[in-house]
Amino acid sequence: MISKRLKQSLRSELRTSLMAKIGLVLILLILIVAMFAPFLAPHHPTETRVSDDPEVDKTDLPPIGMGYETSETRLVDGEMQTVETTIEPDHSFILGTNTLGQDILSRLMYGARVSVLVGVLGALLATAIGVPYGLTAGYFGDRIDDSLMRGADMMLAFPSLVLAIALVGVFRDTDFHTQQIPDPFVLAARHDTLGSFVPRGEHVAAMPASITFPVTVTLVVALVNWVWFARVARGEAMAIRQEEYVKAAKSVGASNATIIRQHVLPNSLTPVIVLATIQVAAIILLESALSYLGFSETTLTWGYDIQQGQSAAATYWWIAFMPGMAIVIAVISINLLGDWLRDALDPSIEGEGGV
Amino acid sequence: MGLGKFLIKRTIQGVIVIWGVVTITFFLRFLTPGDPVSALTPPDAGPEVRERMAENLGLNDPIHIQYADYITDLLMLDLGTSMRTGRSASIMILARLPATLELALAATIISMIIAIPLGVISARRRHQKSDYAATMFSLLGISTPNFWLGIMLIILVAVVVGPIPTGGRDVSFWEATVMLFLEANPRGFGNWAIHIFLPAITLGTYFTALLTRLTRSGMLEELGKTYVEATRAKGLPETLVLYKHVLRNTLIPIITVLGLQLGTLIGGAVITEEVFSWPGIGSFLIQQIAYRDWVLIQGILIVIGVGFVVINIIVDAMYAKLNPKVVTE
Amino acid sequence: MSNVTDILRIDGLKTRFFTDNGQVNAVEDLDVRIEDGEVFGIVGESGSGKSVMALSIIDLIERPGRITDGEIWFRAPDIADELVETDAVDGDYVDLRAMSPEQRGLLRGSRFSMIFQDPMSSFNPSITVGEQIAEAVEAQRRARSNPRSLDAKSQHYGLTDYLLGGVLSSKRYVSEPSLDRAIELLELVGIPDPAERAEEYPHEYSGGMLQRAMIAQALAGEPDVLIADEPTTALDVTIQAQVLDLLAELQTETGMTILLITHNLGVVARMCDRVGVMYAGEIVERGTLGDVFDNPVHPYTQGLLGSIPDLQGVAERLQPIEGNVPSLLDHEMPDRCYFADRCPKAMEECLEHPPELAVNDRGQHATRCYLAETEYTAAKALPTDYFGATEAPAEADTAPEEPTATDGGDHQ
């Protein structure tokens with residue numbers, strides 16, 4: 001499936017393209033952050049710090065280096081006065097805090113987990129639905145192709161976000177699923193009484209024991225995006241079934257299922273891989289839009305944080321700004337990776353991109 | 001195959017897809033838990049009242065009768081009755097449609113005005129600074145969630161320009177035009193423009209970035225072809241070589257891609273409308289999801305689906321018109 | 001010197017391509033004189049720089065290529081009058097290289113025009129043939145209607161004009177008379193039902209018909225010099241003869257100069273008055289058709305002539321020239337005769353790059369080969385494996401394709 005020549009062209013493309021390098025490094029960084037969030041996050045992501053006591057209250061702190069002056073009118077010694085105050089950033093909250101006093105950086109790190117999981121699993125699921133569908137249509141052609149692809153066209157008539165909203169709306173009332181995925185590092189740290197096996201054991205043990213994985217949202221994003229895989233796989237299958245080796249396999253009596261599995265599928269994988277990469281980015285954008293609209297049952301996601309920050313955005317711009325930057329960086333790096341793969345493998349691919 | 005015949009074939013295909021769209025939305029009703037009878041009757045209504053309501057709504061009929069009624073109603077442009085307000089869904093959706101069309105058109109026009117020259121310049125100055133800048137812009141543009149971009153633009157405008165409206169829509173384009181021509185009052189137009197500006201930019205950014213990318217790579221491919229050399233050799237001004245010959249041939253394949261990408265534009269409109277409280281069918285859809293008014297939700301889905309299919313037929317017609325091979329071969 | 005005037009004098013032309021793999025010397029120190037009204041043939045193998053030379057004359061070399069050196073003197077008394085007192089003028093001649101790109105652009109179509117190898121890819125597929133020819137007519141009409149032919153501004157047709165042309169027919173670039181002229185031109189080149197065929201798209205034409213249309217387009221501006229780059233290579237044999245006859249006929253009628261680029265010696269023998277043989281970016285032998293064909297001096301020319309099957313004579317075997325087309329990469333180009341490694345008569349002298357040497361006193365026949373002055377002696381011959389082990393295989397590996405984007409010529 002991955003031939004030597006392919007590896008070579010991947011490598012030479014990586015060598016010549018600075019963008020591909022940047023993309024790859026960023027992706028690795030995001031994966032590491034998502035995976036080791038309990039170690040890397042400086043604070044508990046959902047711990048709030050709201051209080052009347054200014055010493056304890058940590059709400060709306062600006063990012064480091066972004067301290068600012070503000071004036072407020074309040075009662076001082078029994079009369080109204082305008083007081084100039086300087087809001088200083090707190091050095092333990094690098095990217096600042098939100099209106100609940102939660103650490104933004106820690107939330108971003110945990111949010112990366114949801115984005116990565118939904119993005120990758122959603123794309124895999126869409127591949128699993130779309131590729132067999134498209135291969136069947138393309139391989140058999142004629143009537144089967146016509147009816148299958150007409151069905152796919154019907155899916156395409158709904159913009160993915162619209163369809164996703166409608167589906168989430170349906171599922172929300174019937175059986176909306178989220179799954180608590182236990183965090184192995186945290187569990188290990190909690191059972192590790194000596195604190196010797198897990199680095200920063202105490203810190204990790206205080207982190208959330210599980211993360212909420214939005215099962216329904218993942219299903220929905222796969223359901224609205226599989227059509228693109230079907231289209232690409234169909235195109236490949238149509239080209240491959242004309243090849244001599246497929247005709248040869250047929251002539252010796254191989255069944256259609258065998259031919260599809262042994263010849264058509266392996267030979268159509270390259271463009272599917274490129275598409276899957278780009279789709280991870282598209283799905284991350286879609287997921288963030290759904291969480292922004294409040295259609296995801298999890299609250300530890302980038303999109304939800306943007307929505308939370310929106311109302312206060314005029315004064316505390318960083319609350320909405322930071323998670324958006326996280327999305328942009330993640331999506332850019334995946335797109336760069338996709339460009340790299342496409343340039344190296346060079347198939348012509350179309351696909352719906354963002355939200 | 002003549003252009004007419006091609007269009008007839010394409011329209012028949014479109015009708016089949018529309019039929020599918022309608023059927024899918026019909027069955028959506030059975031997936032949803034909301035009960036139209038409870039929605040339309042007072043909570044203390046007795047079983048007879050409920051039964052009569054169900055009878056009136058045709059819910060007691062066998063499913064194929066319900067389906068036939070549904071299709072018949074649709075053919076008469078009747079999208080049903082809103083479960084929450086009891087008003088005609090068709091009229092409610094129709095009232096919201098112009099706002100979305102204005103927004104989508106404004107975004108498309110802004111995109112084309114920016115993206116096509118940008119793509120051309122980028123391709124002409126390949127590997128120069130302006131090319132890298134354009135490439136970076138388009139990469140950023142396709143990677144930015146537009147609801148976030150909208151929020152950031154609102155902040156930015158508030159800080160830099162001062163208080164200008166960043167939400168809602170006072171007058172429609174139609175009203176503004178009427179004011180301009182009948183009352184010679186340009187203020188309505190200014191009001192319309194100032195309200196639509198930010199949402200249109202927000203919605204248009206992804207499209208602009210995508211179109212820049214496609215134009216650039218298409219131009220590069222096209223510029224390598226021999227006919228470009230031959231066209232220059234006969235002494236044609238470079239503007240004509242670039243725009244009449246190269247760009248035109250670049251845009252032909254791009255048009256079909258853009259047709260498919262219109263889905264992204266409509267999807268983007270939904271969330272952009274939400275950010276800017278723009279009273280189009282996108283924000284309407286989100287509202288109705290919150291209210292669980294499934295009749296309206298179905299209606300909006302049908303309008304969007306049918307609109308998408310129709311636009312794609314128009315796009316294909318343009319493609320056929322621009323590309324002589326489709327029609328003559 | 002004869003009493004015929006030269007229309008084109010090229011001195012020391014160097015055209016280079018700066019590619020990722022290094023500098024490619026596609027045309028290297030090329031000197032040639034082309035007489036007014038003659039058919040001059042340029043012969044050579046693929047990758048010898050023929051097409052690049054043609055594109056250099058008409059100023060269509062694109063990045064990463066660039067003309068780095070040399071002068072192209074073109075006889076045009078009217079332009080010389082306008083540019084008088086600049087470096088670009090010498091009597092009736094102007095140096096194209098010293099003119100601004102805008103000024104040179106105005107020469108395209110009106111003074112020089114070009115026919116390409118593959119008519120199918122040389123027409124824009126989505127515009128009718130008539131319209132494309134009319135564009136060529138219109139470009140010249142506009143240039144001519146302007147009294148100062150080199151003033152680029154007044155014939156400017158910008159983006160705004162083009163966009164307006166979509167709405168207002170008066171703003172359209174191509175005018176009605178130009179379309180009529182296009183139909184006349186199609187008739188001139190022997191296309192039946194020209195008025196109807198003008199409305200058709202290139203893919204509705206046959207190859208031969210389309211090449212005729214290409215010739216019609218090239219004639220639109222009544223050019224002084226027509227560059228025909230492999231005009232018949234893409235056509236069927238029977239059609240080839242018809243197209244060549246048409247070219248010859250038109251040349252007699254209009255008296256234009258034709259620069260015919262080909263790798264087909266039969267075409268040269270049939271069409272040309274004089275001929276230049278190109279190898280590795282330079283002209284290695286030139287002279288009248290008789291000089292070069294009957295009395296070739298350069299072993300490369302001899303080899304080329306040896307490699308056409310002689311149908312009249314005894315069934316000789318086709319003799320291909322051994323070895324590969326040389327690498328044109330600058331760092332791989334040796335400071336010797338470029339042909340020495342393939343030359344059956346390589347001698348010690350050949351380790352130094354030969355200048356152009358006259359073969360006889362008539363001044364027409366010249367060659368870049370020491371054999372013009374010295375006899376071949378086996379005593380001074382280089383050993384047969386002199387270039388063998390070290391250079392030949394390396395060259396075979398790295399010999400780059402001539403950059404295809406600029407070479408419509410030899411690649412099939």
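This report describes the contacts between the chains of a predicted model.

## Which chains touch

Two pairs of chains touch, and the pair with the most contacts is A and B. Chain A and chain C are not in contact, and their nearest C-alpha atoms lie 11 Å apart. Chain B touches chain A and also chain C.

## Chain B with chain A: extent and composition

On each side of this interface the contact takes 47 residues, 47 from chain B and 47 from chain A. The area buried between the two chains is about 4100 Å², and carbon and sulfur atoms account for 77% of it. Within chain B, the residues that lose the most area to chain A are B:Phe147, B:Trp148 and B:Leu260, which together make up 14% of what that side buries.

One salt bridge is found between chain B and chain A. A:Asp339 and B:Arg213 form a salt bridge through their side chains, with N and O 2.6 Å apart. Polar contacts across the interface number four residue pairs, both residues being at pLDDT 80 or more. On the chain B side, the elements giving two or more residues are α1 (3-31), α6 (129-143), α7 (146-160), α9 (187-223), α11, α12 (281-291) and α13 (294-322). The element that gives the most is α11(B), with eleven residues. By class, this side of chain B has 31 nonpolar, 13 polar and three charged residues.

## A helix pair across the A and B interface

Helix α6 of chain A (residues 160-173) packs against α11(B), their axes coming within 6 Å and crossing at roughly 60°. The two helices are therefore oblique to each other.

From α6(A), the residues that make this contact are A:Leu161, A:Val162 and A:Ile165; from α11(B), they are B:Gly267, B:Val270 and B:Ile271. Five of the contact residues are nonpolar, one is polar and none is charged.

## Chain B with chain C: extent and composition

Here 25 residues of chain B are in contact with 36 residues of chain C. The buried area is about 2700 Å², with 58% of it from carbon and sulfur atoms. In chain B, the greatest losses of area to chain C are those of B:Glu229, B:Lys234 and B:Lys244, together 24% of what that side buries.

Between chain B and chain C there are four salt bridges. One of them joins B:Lys244 to C:Glu135, with the closest N and O atoms 2.7 Å apart. There are also 14 residue pairs in polar contact across this interface, both residues being at pLDDT 80 or more. Three elements of chain B give two or more residues to the side that touches chain C: α10 (226-233), α11 (238-275) and α14 (324-328). Of these, α11(B) gives the most, with eight residues. The residues on this side of chain B divide into ten nonpolar, seven polar and eight charged.

## Helix α11 of chain B

Helix α11(B) takes part in both interfaces. To the side of chain B that touches chain A, α11(B) gives eleven residues, the most of any element. To the side that touches chain C, α11(B) again gives the most, with eight residues. B:Leu260 is among the residues losing the most area to chain A, while B:Lys244 is among those losing the most to chain C.

Notes
Residues numbered from 1 in each chain as written. Chains lettered and ligands numbered in written order. Predicted model: local features only at pLDDT ≥ 70, side-chain atom pairs only at ≥ 80, totals over all residues. Heavy atoms only, no water. Contact = heavy atoms within 4.5 Å. Buried area = accessible area lost by both parts, 1.4 Å probe. Polar contact = N/O pair within 3.5 Å; in protein donor to acceptor, adjacent residues only side chain to side chain. Helix = DSSP H or I, 4+ residues; strand = E, 2+ residues; numbered from the N terminus. Nonpolar A, V, L, I, M, F, W, Y, C, P; charged D, E, K, R; others polar. Axes fitted to C-alpha atoms, helices over the stretch in contact; angles between N-to-C directions. Parallel < 35°, antiparallel > 145°, perpendicular 65-115°, else oblique.
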